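Subject: Structure handover and notes

Dear colleague,

I am passing on the structure we spoke about, with the sequence alongside. Please look it over before reading the notes below.

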Amino acid sequence: MFRVIVHRLLIAIPVLLGISLLVFFLIQLQPGDPLVGMISPETTPEQKQDMLRQAGYLDPIWLQYLRWASRALVGDFGYSLHSGAPVLTLIGERILNTLLLAGSSLLITLIVALPLGIYLGLRRGSTADITVSLLSFVILSIPVFFIAILLVKVFAMNLRWFPVSGVSTLGSHLTGVDHLVDVAKHLVLPAITLALGNIAIFSRYLRSSISELINQNFIKALFARGMKRSGVIYPHLLKNAAKPLITVVGMEIPALLSATLLTEIIFNWPGIGRLSFDAIQSRDFPLLMGIVLFLAVITLAINILADILYALADPRVRLTR
């Protein structure tokens, strides 16, 4: 297993290289320059060209990439053009908020989707199955931003159960348990917004796996031996049904991190998504490159972890070099 992990990590190196090349060149092809909105309108074109030349922006694009990559290899992703702070510092200040939001959303998804998928899989074709299927299709067809706005309208503005935006109440100065409760209240609406679509996806996958396995001969044999339903569902049925779900979760977690971009903007949640949006608006190229590469590393790590977990869940699977 150790050799397999090392092999996957070695494969990830050229993948990261390709991602960095593609993103760097696409960013450089954007109209405008990093000094737009940062210099005085009274600056002459000659002065602006001189500033761009000193910053290396007028160098050949391949030279700019080599300069950036050589620094990135030693952990130096440069400085934000907008704030002047180190890129890694800005990412470090926001990543915990994004992980909190994505992790809470995933937890809600699993708590709801697992029992729901098992229930529907054991009762395929029932009224509950048809009703939940229709609701799932409706949820998946509605844009995330509309769900977010609807939740804000109902639960924040009308009922006033939860706050509208931010990670905590401004000026509250809460500490200890009171602070945790305040953060949890701010977390509810954005976490549910992200979780709804994944609940529909995960429950449908699990429902399909359960409904197929329930008719397999080895499951029928267990029931024929007089084994109780609970003794069949958890150690046998759920274990086999969870295998494809591992792959789905591995694919959806990177998508979940991407979906936080719009959610963080709507709820003004200070995470990586909001930071990347600000970087795009201000043409902060070093910060945007650091964020994209950071998310790429997380995506590759999750894919490797999903492969390992799938191999552990199914002894018949053998990962080869």
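What follows is a description of the model, from its overall make-up to its salt bridges.

Please bear in mind that this is a predicted model. The protein chain averages a pLDDT of 79, and 83% of the residues score at least 70. Confidence is highest in α4, at 87, whereas helix α8 (residues 217-224) has the lowest value in the chain, a mean of 70. Where pLDDT is low, the predicted coordinates should not be read in detail.

As to the overall make-up, the protein chain has 11 helices and zero strands. Buried residues account for 36% of its 321 residues, and among the contacts with a separation of 6 or more, 72% are between residues 24 or more positions apart. The chain exposes about 18,200 Å², of which carbon and sulfur atoms supply 68%.

On that surface, Val144, Phe145, Phe146, Ile149, Leu150 and Leu262 make a nonpolar patch of about 520 Å². Helix α6 (residues 144-158) gives the most to the nonpolar patch, with five residues. Ile149, which is found in helix α6, may serve as an example: its relative accessible area is 47%, so Ile149 is classed as partly exposed.

Turning to the interior, in soluble globular proteins nonpolar side chains tend to be buried together. The largest nonpolar core here has 22 residues, and the members that touch the most others are Trp68 and Leu287. At least two residues of this core come from each of α1 (2-28), α3 (61-72), α4 (87-122), α10 (272-281) and α11 (285-313), with α11 giving the most, six residues. Beyond its neighbours within four places in sequence, Leu287 is in contact with Ser80, Val87, Leu90, Leu275 and Ala279. There is also a second, separate core of 10 residues, which includes Ala102, Leu187, Leu194 and Trp269.

Two further positions may be worth finding in the viewer. Asn97 has its place in helix α4, and if residues up to four places away in sequence are not counted, Asn97 touches Val167, Trp269, Pro270 and Gly271. Because its relative accessible area is 18% and buried means under 20%, Asn97 is classed as buried. Arg283, by contrast, lies in the loop between α10 and α11; at 25% relative accessibility, Arg283 counts as partly exposed. Arg283 and Leu81 are 202 residues apart in sequence, yet their C-alpha atoms are 8.3 Å apart in space.

That leaves the charged pairs, for which the question is how many salt bridges the structure holds. The structure holds three. In one of them Arg204 pairs with Asp129, with 3.9 Å between the closest N and O atoms. Arg204 lies in helix α7 (residues 176-213) and Asp129 in helix α5 (residues 127-141), so this pair ties together parts that are 75 residues apart in sequence. Asp129 also meets Arg207 in a salt bridge, at 2.7 Å from N to O. This pair, too, links distant parts of the chain, with Asp129 in helix α5 and Arg207 in helix α7, 78 residues apart. Asp129, Arg204 and Arg207 are thus linked in a network of salt bridges.

The members of this network are set away from the surface: Arg204 and Asp129 are both buried, the relative accessible area of Asp129 being 3%, and Arg207 is buried as well, with a relative accessible area of 8%.

The side chains of Arg274 and Asp278 also meet in a salt bridge, with an N to O distance of 3.7 Å. Both residues lie in helix α10, four residues apart, about one turn of the helix. Arg274 counts as partly exposed at 22% relative accessibility, and Asp278 likewise counts as partly exposed, at 27%.

With best regards

Technical notes:
Residues are numbered from 1 along each chain as its sequence is written. This is a predicted model: local features need pLDDT of at least 70, side-chain atom pairs count only at pLDDT 80 or more; totals for chains, interfaces and linings use all residues. Side-chain values use heavy atoms; hydrogens and water are left out. Buried means under 20% relative accessible area, exposed over 50%, partly exposed in between (1.4 Å probe, protein chains only). Contact means heavy atoms within 4.5 Å. Accessible areas come from the Shrake-Rupley method with a 1.4 Å probe; for residues, only the protein chains shown count as cover. Patches are made of residues with over 30% relative accessible area and no salt bridge: like charges are joined within 9 Å, nonpolar side chains (Val, Leu, Ile, Met, Phe, Trp, Tyr) within 5 Å. A salt bridge is a side-chain nitrogen of Lys or Arg within 4 Å of a carboxyl oxygen of Asp or Glu. A nonpolar core is a set of buried Ala, Val, Leu, Ile, Met, Phe, Trp, Tyr and Cys residues joined through side-chain atoms within 4.5 Å. pLDDT is the predictor's confidence in each residue, from 0 to 100.
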